[in-house]
Amino acid sequence: MRKSILITGCSSGIGYDAAQGMRAAGWRVFASCRKPADCARLQAEGFDSPRIDYSDAPSIQSGLAEVLQATGGTLDALFNNGAYALPGALEDVPRDGLREIFECNLFGVHDLSCAVIPVMRAQGHGRIINCSSVLGLVPMKWRGAYSASKYAMEGLSDTLRLEMRAAGIDVILIEPGPITSDIRRNSIPHFERFIDWKNSARRSEYENGLIDRLYTSSGPDPFELPASAVTAKLRHACEARRPKPRYYVTKPTYIMGALKRILTTRALDRILSKG
């Protein structure tokens, strides 16, 4: 029987490429999306595509139930990929905005992982792969809400990995840097909803930096890689006999991971404050 994987956030970018790549590698892919229209589009492409919205707890339960019904109650791997960004200075991020990004980027991931664990424990094996970020290793200005959610994912994943050792379940982090995706464009509605930048003490900084970056395409970021670079790491995480606990993707992730180990906090702050 083909091995099965459930991937979240498959409407575009990393998730969509992962769904295509894992299917091409012979896996049965359940490519979930948040919006029914995106699920329908992927179903038209031949995918099983249950609706799973991390911010909607019932959809997590019903989406997983759909997967397990199709597989006869088994699941070999889960790739928690769905996430979004809320750009803005942290002093301008309201409590509701921070709560909502954690609902999606962390709490929903936790709910789905906990729902999958009994299935994997019963079958004696499984892999839970969480898509973190270089911003889960180091911070960047204007990305505090997203970075905080990814820092939390790092701690959640590291602890879960320790707790699952005796259950035969591997918990793995993939940590991309700049990857071609729609995450910046998709962050605009959240920015417009929560960030009152025109009344911010940092209004001039928004006008001279973030607004242009959000609304004007300036081409790829430095060292940006296609989403297939993440899919390659995902395949190794799913298929290696002994997968790594962490997979860095893109040169900035390797550089920042090294600098965090060797530099003092003040020295690293000086570098990051220029970014």
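Is Y206 buried or exposed? Y206 counts as buried, because its relative accessibility is 0%. Buried means under 20% relative accessible area, exposed means over 50%, and partly exposed lies in between (1.4 Å probe, protein chains only).

This is a predicted model, where local features need pLDDT of at least 70, side-chain atom pairs count only at pLDDT 80 or more, and totals for chains, interfaces and linings use all residues. Residues are numbered from 1 along each chain as its sequence is written, and side-chain values use heavy atoms, with hydrogens and water left out.

**Aromatic residues**

Rings of Phe, Tyr and Trp (its six-membered ring) pair if their centres lie within 6.5 Å. Planes under 30 degrees apart count as stacked, over 60 as edge-to-face and the rest as tilted. The count comes to five aromatic pairs by this rule. One of them is W142 with Y206: the planes stand at 70° and the centres 4.8 Å apart, so the pair is edge-to-face. This pair links distant parts of the chain, 64 residues apart. W142 sits in the loop between β4 (126–131) and α5 (144–163), while Y206 belongs to helix α7 (residues 203–215). Helices (H or I, at least four residues) and strands (E, at least two) are DSSP runs, numbered from the N terminus.

Both W142 and Y206 are buried. Y206 also pairs with W197; that pair is tilted, with 6.2 Å centre to centre and 40° between the planes. W197 is buried too, at a relative accessible area of 16%. One aromatic cluster is formed by W142, F191, W197 and Y206.

A charge also meets a ring elsewhere: R23 lies over the face of F47, 3.8 Å from the ring centre. The rule here asks for NZ of Lys or CZ of Arg within 6 Å of the ring centre and within 35 degrees of the ring normal.

**Helix α3 and its surroundings**

Helix α3 (residues 57–71) has 15 residues. From first C-alpha to last it reaches 22 Å, close to the 21 Å expected at 1.5 Å a residue. The expected span is 1.5 Å times one less than the number of residues. Which residues of α3 are buried? They are S59, I60, G63, L64, V67, L68 and T71. Seen down the axis, these buried residues fall within an arc of 160°, so they line one face of the helix. The arc is that of the directions from the helix axis to the C-beta atoms. P58 and Q69 are exposed on the face of α3 turned away from the buried side.

The cover over the buried residues of α3 includes β1 (4–7), β2 (28–31) and α4 (95–123). Strand β1 is covered on both faces: S4 and L6 are buried on one side, I5 and I7 on the other. β1 and β2 run parallel and are joined by four bridges. Two strands pair if DSSP finds at least two bridges between them. V29 in β2 is the bridge partner of I5.

**Helix α2**

In helix α2 (residues 36–44), the buried residues include D38, C39 and L42. They cover an arc of only 105° around the axis, which puts them on the same side of α2. P36, A37 and A44 are exposed on the other side. The cover over the buried residues of α2 includes α1 (13–24) and β2.

**Positive phi angles**

Where does phi turn positive? The table gives four places.

| Residue | Phi | Place |
|---|---|---|
| G46 | near 95° | follows α2 |
| G72 | about 80° | just after α3 |
| W142 | about 75° | loop between β4 and α5 |
| F223 | about 70° | loop between α7 and α8 |

W142 has its positive phi although it is not a glycine. F223 is not a glycine either. F223 is partly exposed, at a relative accessible area of 47%.

**Two partly exposed residues**

L225 lies in the loop between α7 and α8. It counts as partly exposed, at 32% relative accessibility. Leaving aside neighbours within four places in sequence, L225 is in contact (heavy atoms within 4.5 Å) with P178, I179, T180 and T250.

R235 is found in helix α8 (residues 228–239). R235 counts as partly exposed, at 35% relative accessibility. Leaving aside neighbours within four places in sequence, R235 is in contact with M22, A25 and A240. The C-alpha atoms of R235 and I262 are separated by 30 Å, with the two positions 27 residues apart along the chain.
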